[in-house]
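Reader: I am new to reading protein structures, and I would like to go through one slowly, feature by feature. Could we take each idea in general before we turn to the case at hand?

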Amino acid sequence: MTSPLQAAPASDGLAAHLLAGAPVEQPAAGGHEVPPQGGYQYHYVAPPKGRLARLAERTPRWVSPLGLTALLSGGVAYTLLMRPTATSATAAPTCVMKLFTGFDCPGCGGTRAAWYLLHGDIPAAAHHHAMMVFATPFLVYLYVSWTVNRLANRKVLPTMRLSNGALIGFLVAWLVFSVARNLPWAPFDWLFV
């Protein structure tokens, strides 16, 4: 079995061989000699593809969008059938954090917010989980653009690229929201569900 990093003795013209993609000879087995011009140069040898990678190459392009659509459809059906707004937030099944501490966790109210979004009631959805309401249009666009581009096998819709700063900013805003919704005075008590 070969190591991903293979050593090759440094010699004149070695850099030219490496840049040209020419194979580099390995030092002789048991040979611990250091070449006169320096140490060893290392290059990466990619491991052979595994079973899952080979399976992914043979899978049709429509399988992953179909699987994701089935998962999302199941979540939407569960939300619509369970009617989370018909019961209180402490009714079973409930959030374990809310059950033991009485505080809203970062995801509390998400199912009820999704139910209100599916029914077009954006203010009620924002009351239950404002960060989810903010993130939903971005998530929907990411899903639609990925699915269309994947099925078309070319870039039909532009893909949204979020910078690290934007992701960190969203996570910080979510953390602030999670703390603010548990504060017991106005206007923050409006966010407590």
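Author: We will go from the overall fold to the rings, the pocket, the charges, the surface and the loops. Please keep in mind from the start that this is a predicted model.

Reader: Let me begin with the overall fold, then: how many helices and strands does the protein chain have?

Author: The protein chain has seven helices and two strands, and, read from the N terminus on, these elements follow the order β-α-β-α-α-α-α-α-α. There are 193 residues in the protein chain, of which 21% count as buried.

Reader: Next I would like to understand the aromatic rings. How is a pair of aromatic rings described?

Author: In general, one gives two values for a pair of aromatic rings, namely the distance of the centres and the angle of the planes. In this structure, a search of the whole model finds four aromatic pairs. One of them joins Trp115 and Tyr116, whose ring centres are 5.4 Å apart and whose planes make an angle of 85°, and this pair is edge-to-face. Both Trp115 and Tyr116 are buried. Another pair is that of Phe170 and Trp174, which is tilted, with 5.8 Å from centre to centre and 55° between the planes.

Reader: Why are Phe170 and Trp174 separated by about one helical turn?

Author: Phe170 and Trp174 both belong to helix H7 (residues 164-180), and because they are four residues apart there, about one helical turn separates them. Phe170 has a relative accessible area of 23%, so it is partly exposed, and Trp174, at 30% relative accessibility, therefore counts as partly exposed as well. The two residues also take part in one aromatic cluster, which is formed by Phe134, Phe138, Phe170 and Trp174.

Reader: Now I would like to turn to empty space. How does one see where empty space is left?

Author: The general idea is to roll a probe the size of a water molecule over the atoms, which shows where empty space is left. In this structure, the largest pocket holds about 520 Å³ of space. Its lining is made up of 14 residues, and those that lie nearest the centre of the pocket are Leu72, Val76, Ala114, Met132 and Thr136. The elements that contribute two or more residues to this lining are H3, helix H5 (110-118) and helix H6 (122-152).

Reader: How far apart are the C-alpha atoms of Leu117 and Thr136?

Author: The C-alpha atoms of Leu117 and Thr136 are separated by 9.1 Å, while along the chain the two residues are 19 residues apart. Leu117 has its place in helix H5, and it is partly exposed because its relative accessible area is 24%.

Reader: What about charged side chains: when can those of opposite charge pair?

Author: Side chains of opposite charge can pair when their charged atoms come close. The structure holds one salt bridge, and its partners are Glu57 and Lys49, with the closest N and O atoms 2.2 Å apart. Both Glu57 and Lys49 are exposed.

Reader: Which residues form a nonpolar patch on the surface?

Author: Such a patch is formed by Trp62, Val63, Leu66 and Leu151, which together have about 400 Å² of accessible area. Leu66, for its part, lies in helix H3 (residues 63-82). Since exposed means over 50% relative accessible area, Leu66 counts as exposed at 51%.

Reader: Finally, I would like to look at the loops. Which residue in the loop between H3 and helix H4 (96-101) should I look for?

Author: Look for Arg83, which is found in that loop and which has a phi near 50°, a positive value in a residue other than glycine. Arg83 is partly exposed, because its relative accessible area is 44%. Asn153, in the loop between H6 and H7, likewise has a positive phi, of about 60°, although it is not a glycine.

Reader: And where is Gly107 placed?

Author: Gly107 is in the loop between H4 and H5, and at 40% relative accessibility it counts as partly exposed. The C-alpha atom of Gly107 is 7.7 Å from that of His129, although the two residues are 22 residues apart along the chain.

How values were computed: Residues numbered from 1 in each chain as written. Predicted model: local features only at pLDDT ≥ 70, side-chain atom pairs only at ≥ 80, totals over all residues. Heavy atoms only, no water. Patch = residues over 30% accessible without salt bridge, like charges linked within 9 Å, V, L, I, M, F, W, Y side chains within 5 Å. Areas by Shrake-Rupley, 256 points an atom, 1.4 Å probe, with all protein chains shown as cover. Salt bridge = Lys/Arg side-chain N within 4 Å of Asp/Glu carboxyl O. Buried < 20%, exposed > 50% of the residue type's maximum accessible area, 1.4 Å probe, protein only. Phe/Tyr/Trp six-rings, centres within 6.5 Å; stacked < 30°, edge-to-face > 60°. 1 Å grid on protein atoms, 1.4 Å probe; cavity = no way out; pocket = protein on both sides within 12 Å on 5 of 7 lines; lining within 4 Å. Points joined across faces, edges and corners; volume = space filled by probe spheres on them.
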